[in-house]
Amino acid sequence: MPPTISATDHPLEKLTGDAVVVAVGKGPDGPLPTPGAEAVDRLLGGRLFPALVDLGARGAEDEVTRLPSFGQGPFPVVAVAGLGAPETNGTYRTEAIRRAAGAASRALGGRRSVVSLLAAVGGTPDAERLHAVGEGSLLGAYEFTAYKSDPGADRKAPPSEFTVVVPGAAAAEAALRRVRAVADAVALVRDLVNTPPNDLYPAELAARGAAAGEKAGLAVEILDEDALAAGGYGGILAVGSGSTRKPRLLRLTYAGAGARKKVALVGKGITFDSGGLSIKPALKMEDMKSDMAGAAAVIATVCLVAQLNLPAEVTATVPIAENLPSGTAYRPADVVTFRNGKKAEITNTDAEGRVILADALARAAEDRPDVLLETSTLTGAQLVALGTRTAGVMGSDDLRDAVIAAAKRSGEGMWPMPLPPELRRGLDSPIADFVNANADRMGGMLVGGHFLAEFVPDGLPWAHIDIAGPSYNTGAPWGYTPKGGTGVPVRTLLATIEALIGD
């Protein structure tokens with residue numbers, strides 16, 4: 001069961017739990033107090049801050065120091081999470097609070113109920129800070145144990161109950177219901193991305209997406225290989241031709257009452273990417289189960305929009321295939337004809353994501369949306385350019401910048417990227433409209449964006465979010481981000497849609 005979260009405005013001394021969470025900043029001479037930490041310090045008779053100094057706590061980001069209360073308060077354990085250095089005006093970034101909440105959740109395995117004073121950082125909490133505390137707490141408590149024979153054998157379960165101390169608890173409960181919905185959507189993405197590819201093949205991902213959509217009250221459509229052939233989806237069929245587990249196209253539609261915007265979502269759904277005949281090196285190929293993170297994100301987002309009853313019409317178009325080598329696989333030098341009639345010469349079967357997305361973008365544009373948002377683990381070049389935590393965003397200038405602004409509000413790292421016209425020449429083909437990849441490694445992320453742009457009609461605002469790095473954490477957990485699937489960019493997609501409709 002997912003953890004619960006609630007709000008209270010009861011005095012600290014009247015609350016009970018297995019642990020209490022407070023935060024401190026990082027100062028030049030040691031931890032900097034916050035109102036919540038000061039409240040616990042008083043409860044402990046002034047012992048908290050001297051103990052932190054003795055233990056070498058610095059208040060750095062991702063630092064959590066656990067101390068016993070020695071019976072001096074209603075909580076047996078105090079967890080002190082670091083916020084890092086404050087801003088020049090003495091406040092702390094909302095994302096620092098979100099990460100502190102997540103780090104505390106990860107550090108409190110074995111503690112069932114947790115009381116959080118993080119909303120008090122910097123004084124009277126606002127809605128943005130409350131959301132950050134709630135999201136960080138719940139997302140930090142995520143774990144994936146579906147394939148553990150005995151989940152309790154080698155780990156202490158994360159907290160299952162969070163209580164946030166905040167003035168006006170009754171009003172805060174509504175905000176926390178939204179937090180719960182967002183956390184559930186992110187957890188759905190993480191679960192799908194973490195599922196092994198032998199259990200999450202194209203038909204199964206389509207079925208799970210359809211089940212989530214039906215639960216949210218969405219209209220659902222699944223095209224199998226015969227329907228894809230009849231519909232002219234040559235890109236999806238080509239990429240899926242090497243696998244015995246045939247491709248699918250999933251469409252989920254939410255028609256909100258009083259819709260103010262019509263939004264198209266598209267997400268790449270490669271359930272496993274071996275590279276096809278242009279096969280990848282064996283090292284780290286197991287991480288390619290995450291190549292459907294974009295698909296998972298748009299599935300979860302349209303369901304979340306429906307759960308929140310937003311006044312928008314949103315359709316997720318999700319192309320799904322498994323890219324494997326075989327005697328039936330598509331080849332370098334093949335020419336593929338897409339749904340919109342354009343043709344690409346295949347020069348690299350490992351540049352398959354753009355090949356299936358081409359069909360999906362063309363289909364999504366047929367609905368005549370106001371905007372089109374696409375996300376995919378498109379290029380390794382994204383990691384080379386921006387690292388593992390920052391997505392690259394390309395497309396129409398205004399919508400690209402709106403996505404960047406939404407990412408900043410949401411705490412998901414993104415950076416605006418250009419589409420220099422001279423890079424488009426690298427896609428020229430002597431025999432087709434273009435190639436799907438070129439041999440020049442320079443600007444590879446941007447060249448991928450140019451390919452996608454070929455399938456977006458003139459005048460349609462669009463944005464492409466390359467999440468090759470941020471969607472799957474191959475390193476140690478940090479903040480509220482676990483190892484494995486992260487759930488990026490669900491929160492940014494939601495915030496972008498909310499901004500578009502004016503909420």
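# Notebook: a pocket, a helix and some unusual backbone

I began with the lining of the second largest pocket, to which α5 gives the most, with 9 residues. I keep in mind throughout that this is a predicted model.

**Entry 1, the pocket.** I looked up the volume of the second largest pocket, which is about 850 Å³. It is lined by 32 residues, and those closest to its centre are Pro2, Asp184, Ala187, Leu188 and Asp191. I then listed the elements that give two or more residues to this lining, and they are α4 (127-140), α5 (169-194), α6 (202-215) and α9. Sorting the lining of the second largest pocket by class, I found 21 nonpolar, 4 polar and 7 charged residues.

**Entry 2, Ala216.** From the pocket I went on to Ala216, which is found in the loop between α6 and β8 (219-223). Ala216 has a relative accessible area of 29%, so I entered it as partly exposed. Leaving aside neighbours within four places in sequence, I found Ala216 in contact with Cys303 and Ala306. I also checked the C-alpha atoms of Ala216 and Val305, which are separated by 9.3 Å although these residues stand 89 residues apart along the chain.

**Entry 3, Ser274.** Next I turned to the loop between β11 (269-273) and α9 (293-307), where Ser274 lies. Is Ser274 buried or exposed? Its relative accessible area is 4%, and because the cut-off for buried is under 20%, I entered Ser274 as buried. I followed its side chain to two backbone atoms: the side chain of Ser274 reaches the backbone oxygen of Asn323 at 2.8 Å, and it also reaches the backbone nitrogen of Gly276 at 3.1 Å. Not counting residues up to four places away in sequence, Ser274 touches Ile279, Lys280, Met285, Asn323, Leu324 and Pro325, so that Asn323 appears both in this list and as the residue whose backbone oxygen the side chain reaches.

**Entry 4, helix α1.** I asked which residues of helix α1 (residues 35-43) are buried, and found Gly36, Ala37, Val40 and Asp41. These residues cover an arc of only 140° around the axis, and therefore they sit on the same side of α1. What do the buried residues of α1 pack against? I traced them to β2 (19-27), α2 (48-55) and β5 (77-82). Just after α1, I noted that Gly45 takes a positive phi of about 70°.

**Entry 5, backbone geometry.** As a reminder to myself, most residues other than glycine have a negative phi, and most peptide bonds are trans. I therefore wrote down the cases below with some care.

- Asp62 has a positive phi of about 70° although it is not a glycine. I located Asp62 in the loop between α2 and β4 (64-68), and with a relative accessible area of 37% it is partly exposed.
- Arg368 also is not a glycine, yet it has a positive phi of about 55°. I placed Arg368 in the loop between α10 (353-365) and β15 (371-376), and at 71% relative accessibility it counts as exposed.
- The peptide bond from Val488 to Pro489 is cis, with omega near 5°. I found Pro489 in the loop between β21 (484-485) and α15 (490-501).

Technical notes:
Residues numbered from 1 in each chain as written. Predicted model: local features only at pLDDT ≥ 70, side-chain atom pairs only at ≥ 80, totals over all residues. Heavy atoms only, no water. Buried < 20%, exposed > 50% of the residue type's maximum accessible area, 1.4 Å probe, protein only. Polar contact = N/O pair within 3.5 Å; in protein donor to acceptor, adjacent residues only side chain to side chain. Contact = heavy atoms within 4.5 Å. 1 Å grid on protein atoms, 1.4 Å probe; cavity = no way out; pocket = protein on both sides within 12 Å on 5 of 7 lines; lining within 4 Å. Points joined across faces, edges and corners; volume = space filled by probe spheres on them. Nonpolar A, V, L, I, M, F, W, Y, C, P; charged D, E, K, R; others polar. Arc of directions from axis to C-beta.
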